[in-house]
Amino acid sequence: MSKQIKLKVQVGQTIRFPNQCVYDQAPAAGFMSVQHRAGRRTRLVDVPVCESCQAELNRLSAAEQRQQRLGWLAAAAAGLATAGAAWLLLPLLLTWLKVVIAAGIGCAISAAILTWFRNRLPRAARPEKKAIREALKIVHFSWRAVTFEFTNDAYADRFASLNKNQLMDTR
């Protein structure tokens, strides 16, 4: 089951969370960042998690490590290949200008490939890590409100009671 709670909160205002882990309700020892992107705007909220959940979030699975290494290798190879091709294809210019343009093109291609691999990284996570990340989601936000979705109803009720003067109707 999941429960949605909408709060009237603007950017910069404080959202109060219970001092418990959002996943397993153990005493909180750290924070997990939850974000939601809508167009060019991103809303980022720090949510309390326990020590074991924080350790699980920091642990990389074998698939995640493989994805990271493959991303670095592909980015380096593509960047060097693109910079070399750009060097050969550019007309005769000043040598320093040719180096700067080729390096810039190579870096841009490397950054694009690395970003693509990093975006695929959450799919390679272990099921435990995915479950912790999905314990709280930001469903929607605007300049005046944020809608959260909790997988644990008891935690959602405690959260709602802490922020009862900021609650809004979820319709």
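In this predicted model, the largest nonpolar core holds 27 residues, and those touching the most other members are Ile-15, Phe-17, Val-22, Leu-136, Phe-148, Phe-150 and Phe-159. Quite a few elements chip in. At least two core residues each come from strand 1 (3–8), strand 2 (30–38), strand 3 (41–49), helix 1 (51–58), strand 4 (136–141), strand 5 (145–150) and helix 5 (153–162). Helix 5 gives the largest share of this core, with four residues. As a general backdrop, nonpolar side chains in soluble globular proteins tend to be buried together.

Phe-148 makes a handy place to start looking around. With neighbours within four places in sequence set aside, Phe-148 is in contact with Lys-3, Gln-4, Ile-5 and Leu-7, among others. Further along the chain, the contacts of Phe-148 include Ile-15, Phe-17 and Val-45, and then Leu-136, Lys-137, Ile-138, Val-139 and Phe-159. Several of these partners turn up again in the list of core residues that touch the most other members, including Ile-15, Phe-17, Leu-136 and Phe-159.

Next come the cysteines. Searching the whole structure turns up zero disulfides. Cys-50 has its closest cysteine sulfur in Cys-53, but the two sulfurs are 3.4 Å apart, which is too far for a bond because a disulfide needs them within 2.5 Å. Looked at from the other end, the sulfur of Cys-53 has that of Cys-50 as its closest, again at 3.4 Å and again too far for a bond. Cys-50 has a relative accessibility of 4%, so it counts as buried. Cys-53 is buried too, with a relative accessible area of 3%.

The largest pocket is worth a look as well. It contains about 440 Å³ of space. Its lining is made up of 17 residues, and the ones lying nearest the centre are Met-32, Ser-33, Pro-122, Arg-133 and Glu-134. Two or more lining residues come from each of strand 2, helix 1, helix 4 (127–133) and strand 4. Strand 2 gives the most, with five residues. Sorted by class, the lining is a mix of eight nonpolar, four polar and five charged residues. Strand 2, helix 1 and strand 4 also appear among the elements that supply at least two residues of the largest nonpolar core.

Helix 2 (residues 62–89) offers two residues to follow. One of them is Gln-67, which counts as buried at 13% relative accessibility. Not counting residues up to four places away in sequence, Gln-67 touches Phe-117, Arg-120 and Leu-121. Gly-79 lies in helix 2 as well, and its relative accessibility of 7% makes it buried. Gly-79 touches Gly-106 and Ser-110, once residues up to four places away in sequence are left out. In space, Gly-79 sits 7.8 Å from Ile-105, C-alpha to C-alpha, with their positions 26 residues apart in sequence numbering.

Helix 5, already met in the core, also carries Arg-158. At 31% relative accessibility, Arg-158 counts as partly exposed. Its contacts, leaving aside neighbours within four places in sequence, are Pro-18, Gln-20 and Gln-25. Arg-158 and Gln-20 are 138 residues apart in sequence, yet their C-alpha atoms are 9.9 Å apart in space. Another of those contacts, Gln-25, is found in the loop between strand 1 and strand 2. Gln-25 has a positive phi of about 60°, although it is not a glycine.

Just ahead of helix 5, the loop that follows strand 5 contains Thr-151. This threonine is partly exposed, at 42% relative accessibility. Thr-151 and Lys-6 are 145 residues apart in sequence and 15 Å apart in space, C-alpha to C-alpha.

Definitions and conventions
Residues numbered from 1 in each chain as written. Predicted model: local features only at pLDDT ≥ 70, side-chain atom pairs only at ≥ 80, totals over all residues. Heavy atoms only, no water. Core = buried A, V, L, I, M, F, W, Y, C linked by side-chain atoms within 4.5 Å. Buried < 20%, exposed > 50% of the residue type's maximum accessible area, 1.4 Å probe, protein only. Contact = heavy atoms within 4.5 Å. 1 Å grid on protein atoms, 1.4 Å probe; cavity = no way out; pocket = protein on both sides within 12 Å on 5 of 7 lines; lining within 4 Å. Points joined across faces, edges and corners; volume = space filled by probe spheres on them. Nonpolar A, V, L, I, M, F, W, Y, C, P; charged D, E, K, R; others polar.
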